[in-house]
Structures are given as structure tokens and as C-alpha cells.
Amino acid sequence: MKALILAGGFGTRLRPLSCTRPKHLFPIANRPLLELTLEKLANNGIKKAILAVNFMARELERALGKSKYGIKLHFSSDLPDEPQAKRTFKGALGTGGPIKLAERLLGTSDPFFVLNGDILTNTNYSRIMKTHRKTDGIATIALRRVKDPSRYGVVELVDKKLIRRFVEKPSDNAPSNLINAGIYILEPDIFEYILPGKTCSLEREIFPKLALEKALFGVEIKDLWIDVGEPTDFIEANRLWLKAEKETSTHSQKTRLDERVKIKDAVAIDENVVVGNESIIGPNVALGKDVSIGNAVRIKDSIIFPHTSISDLTTIESAIIGESVTVGRQVKIKNGCLIGDNSIIRDGVTIAPDVRICPAKDISEDILRSRCVV
Ligand code: GTP
């Protein structure tokens, strides 16, 4: 079985952290999101995966290599392999175009998986395939029930699996609260629906058409599932994964926690992390490789990327701190903040909720209202 993973989007909602790495490599309990997906796919019998890349393609290739968990990896780039000056197509192929582009790699004899690369799930992919094989459709979509469907593609389902209507991001009157979970099985017939070399949206152009032709089916999944689109989703993804995969906290062998450190489960602590006395870490915290934390620091519901250092008496709550950031003493970083890589937050600074700080900024004064510091 083959899978195509869409991993070429810009991740604009996760800027500035997605300016310096693709969101598909954001750490979930200290492991890149795509690695978790590939591991689950391998457990479900996938042998070959095509990564549909565009933005930061090289970073993805470098991070993932030629194979993972026994899955052979191919990289298919939206941008033609020709000198930049000569390129006629300069954009992105959307969520449909990369499928047509990978037609030769996917083959025309068997159905295949297509996944949004920014989904964290532990679903049973084989069960979705089993449902698909019982239909005569061109596509089967995994569906998820959510409270507020307005930011997703929403379906109207009849007879439990035929999708009568597919509406992308309905502003009002959503037909149900069953949404597109970004996991599809597609028959090779799909190639007839997508023009080569053109931007195409599966959700806006192809699925509504298939629904009209009664060729679109759905299957509800009830497992762990989250779309990592916004910063709060990323913190929630870490929380869900820590809860589901690790009953208690995990520490790498090489970490050094002082005797009077308090860890509130669940916490993931990577290699070479140092935490000073009286600090309270957790719940729902991931500390990346080489993170250094001083004394009496309080961190909860947050993600700290590798090589960052946080000095004494600082508090961080529901925030994401990028790589190689230096946070001084007695700093307060409040909920919803995103601190870009290589930034410095000087001693005593307070940062209000929902502030985003671009990479390599030096912050020496309080930021008391939500804004983006560029
Ligand atoms: P935002 O910019 O924050 O809206 O995110 P996004 O566009 O990166 O993600 P979105 O949720 O819209 O896309 C779903 C999946 O498709 C993600 O895994 C994206 O990386 C991927 N994707 C979106 N557009 C493209 C594209 O033009 N080319 C490729 N190869 N992948 C894409």
C-alpha cells in the first residue's frame, strides 16, 4: 500500500515558528509530527510514502531521509526541477495538484491513502481502507465529529456512509458537525479529475463534484485526532499525545533533574536537559534536547524547543518557546505566546497573552498587549 502525504503548505497560522521549520517537523512530545505519522502508517502496512513538498522541501528531506520505519520515502516537489529564472509555474499546487503530479509514483492499479501532513492521529488506517473496499466510490474520507465545524470541510451523510454534500468552511448552516479529518483513500480514477501542473483544491473543487456524482463516501473515526493548524492546536496535540502514549512522564537517561524538582505528569523530557531546584514542570510540558532550566521556574502546558535556556524564577504558561531562545530571570510569559528561534527575553520582562515574537529579537521591555513583534 502507498500513501501520499501533503506536506508543502506554508503553515502561516503558526508563524513565526513555521518561518524557520515546516510545521510538519514541529515536535510532539519531542518527536517530529511526521515521524509519528510515518510510524503509524508503517504499523498499518504502508511500504511506500510520497511526501508532496514545496515550502522548506530541503528541510523535510534532510530530516526524514530515504526511509523511516521500513517505509520507502519519495519526495515530490510542486516546483519543477528547473532553474528558478526559467520557471513558468511559481506557486503551490494546493491539496489536489500534488496528487496528479505524483501519478506515476502512486500507480494506476490500486487505491492509495492521501493524508494532510499536519494531522496528529492514532487512528486505525486499515479500518478506513476496509470501509472503502465495501463501496464503489472514488474517494472515502475519514470523518470526525467536532463541536464547531466552521473552520473545516463539513459533510452531509446519508445511509451512514454516502456523502451527499461537501461544504468547505461553511460560514453558517453547516450541514452537520461531521468534518473532513484530512485522511482519504482515493482510487486512481481521481487522476482524471485533476489537471496537470495546475493549482487545485481537493476540498473546494474535487470533493463537492464527487459528492454530486455519488462517488464520495465517509467513515467516522473516534480515535485521537487533531489538526495542528493554530498554536493552541499544537499545545493541545502535545497534551493529547502525552496523555495517550505516555501514562507518566518520560525522561531521557541523560537528563539532570535536581532533587527538589517537581514534575507534574505528563511531561516529556529529552536528552541533556537540566532542571534546577524548586522548579515545577508540568503538566503537559515538553522540554526539547539540551534545554536548561534554572531554579524556581514554573512551566505548564507549554512546549520548549531544543537548546533553549530559561533562568531562575521565570513562569511560562500555555506558550511555545522556539529553539535556542534565552529567557532571563523573573520573566513572565503568558498564554498563547509564541517566541521565535534565537530570541532573547531579558530579565524581569512580562509578555502579555497572545504575543508573537519573530526570530532573533532582543526584548528588554514589557510587552503588555497582544501583538506581533517583527
Ligand atoms: P496555513 O497556511 O496555516 O493555513 O496552513 P497550510 O496551508 O500549511 O495547511 P492546510 O491545513 O491549509 O493544508 C493541509 C495540508 O496540505 C498541510 O499538511 C499542508 O502542508 C498541505 N498543503 C497545503 N497546500 C499545499 C500545497 O500547495 N502543496 C503541497 N505540496 N502541500 C500543501
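Colleague: Which residue follows H2, and what is the value of its phi, which is positive?
Modeller: This is a predicted model, in which local features need pLDDT of at least 70, side-chain atom pairs count only at pLDDT 80 or more, and totals for chains, interfaces and linings use all residues. Residues are numbered from 1 along each chain as its sequence is written, and side-chain values use heavy atoms, with hydrogens and water left out. Helices (DSSP runs of H or I, at least four residues) and strands (E, at least two) are numbered from the N terminus. The residue that follows H2 is Gly-65, and its positive phi is near 75°.

Colleague: Where around the axis of H2 do its buried residues lie?
Modeller: The buried residues of H2 (buried means under 20% relative accessible area, exposed over 50%, partly exposed in between, with a 1.4 Å probe and protein chains only) are Ala-57, Leu-60 and Leu-64. The arc that they cover, taken from the directions from the helix axis to the C-beta atoms, is only 65°, so they lie on the same side of H2.

Colleague: Which exposed residues does the opposite face of H2 carry?
Modeller: The buried residues of H2 pack (contact means heavy atoms within 4.5 Å) against H1, S4, strand S5 (67-68) and S6. The face turned away from that buried side carries the exposed residues Arg-58 and Arg-62.

Colleague: Which element supplies the largest share of the largest nonpolar core?
Modeller: A nonpolar core is a set of buried Ala, Val, Leu, Ile, Met, Phe, Trp, Tyr and Cys residues joined through side-chain atoms within 4.5 Å. The largest one has 33 residues, and Leu-38, Leu-41, Leu-51, Phe-113, Ile-183 and Trp-225 have the most contacts inside it. At least two residues come from each of several elements, including strand S1 (2-6), helix H1 (33-43), helix H2 (57-64) and strand S12 (178-186). The largest share, four residues, comes from S12.

Colleague: How many residues does the other core, apart from this one, have?
Modeller: Among the members of this other core are Leu-287, Val-291, Ile-293 and Val-297. The number of residues in it is 32.

Colleague: Is Thr-37 buried or exposed?
Modeller: Thr-37 lies in helix H1. Leaving aside its neighbours within four places in sequence, Thr-37 is in contact with Leu-115, Ile-119 and Tyr-125. Because its relative accessibility is 8%, Thr-37 counts as buried.

Colleague: What is the separation of the C-alpha atoms of Ile-28 and Arg-62?
Modeller: Ile-28 is found in strand S2 (residues 27-28) and is buried, with a relative accessible area of 1%. Beyond its neighbours within four places in sequence, its contacts include Leu-33, Phe-234 and Trp-241. Ile-28 and Arg-62 are 34 residues apart along the chain, and their C-alpha atoms are separated by 19 Å.

Colleague: How wide an arc do the buried residues of H6 cover?
Modeller: In helix H6 (residues 202-212), the buried residues are Leu-202, Glu-203, Ile-206, Phe-207, Leu-210 and Ala-211. They lie on the same side of H6 because the arc that they cover around the axis is only 135°.

Colleague: Which residue of S13 stands opposite Thr-140?
Modeller: The buried residues of H6 pack against several elements, among them strand S9 (139-145) and strand S13 (216-220). S13 is mostly covered, with four of its five residues buried. S9 and S13 run parallel and are joined by five bridges. Opposite Thr-140 stands Phe-217.

Colleague: Which strands stand at the edges of the open sheet of six strands?
Modeller: The order of this sheet is S17-S20-S23-S26-S29-S32, with parallel pairing (two strands pair if DSSP finds at least two bridges between them). Each edge strand has a single partner strand, so one side of it is left without a neighbour in the sheet; these strands are S17 (262-263) and S32 (350-351).

Colleague: Which residue of S29 does Thr-315 stand opposite?
Modeller: Strand S26 (residues 315-317) and strand S29 (residues 332-333) run parallel and are joined by two bridges. The residue opposite Thr-315 is Lys-332.

Colleague: What is the radius of gyration of the chain?
Modeller: The chain has seven helices and 35 strands, and 54% of its 374 residues count as buried. Its C-alpha atoms fill a box of roughly 65 × 50 × 45 Å, taken along the principal axes. The radius of gyration is taken over C-alpha atoms, and the globule rule is 2.2 Å times the number of residues to the power 0.38. With 374 residues, a compact globule would have a value near 21 Å, which agrees with that of the chain, 22 Å.
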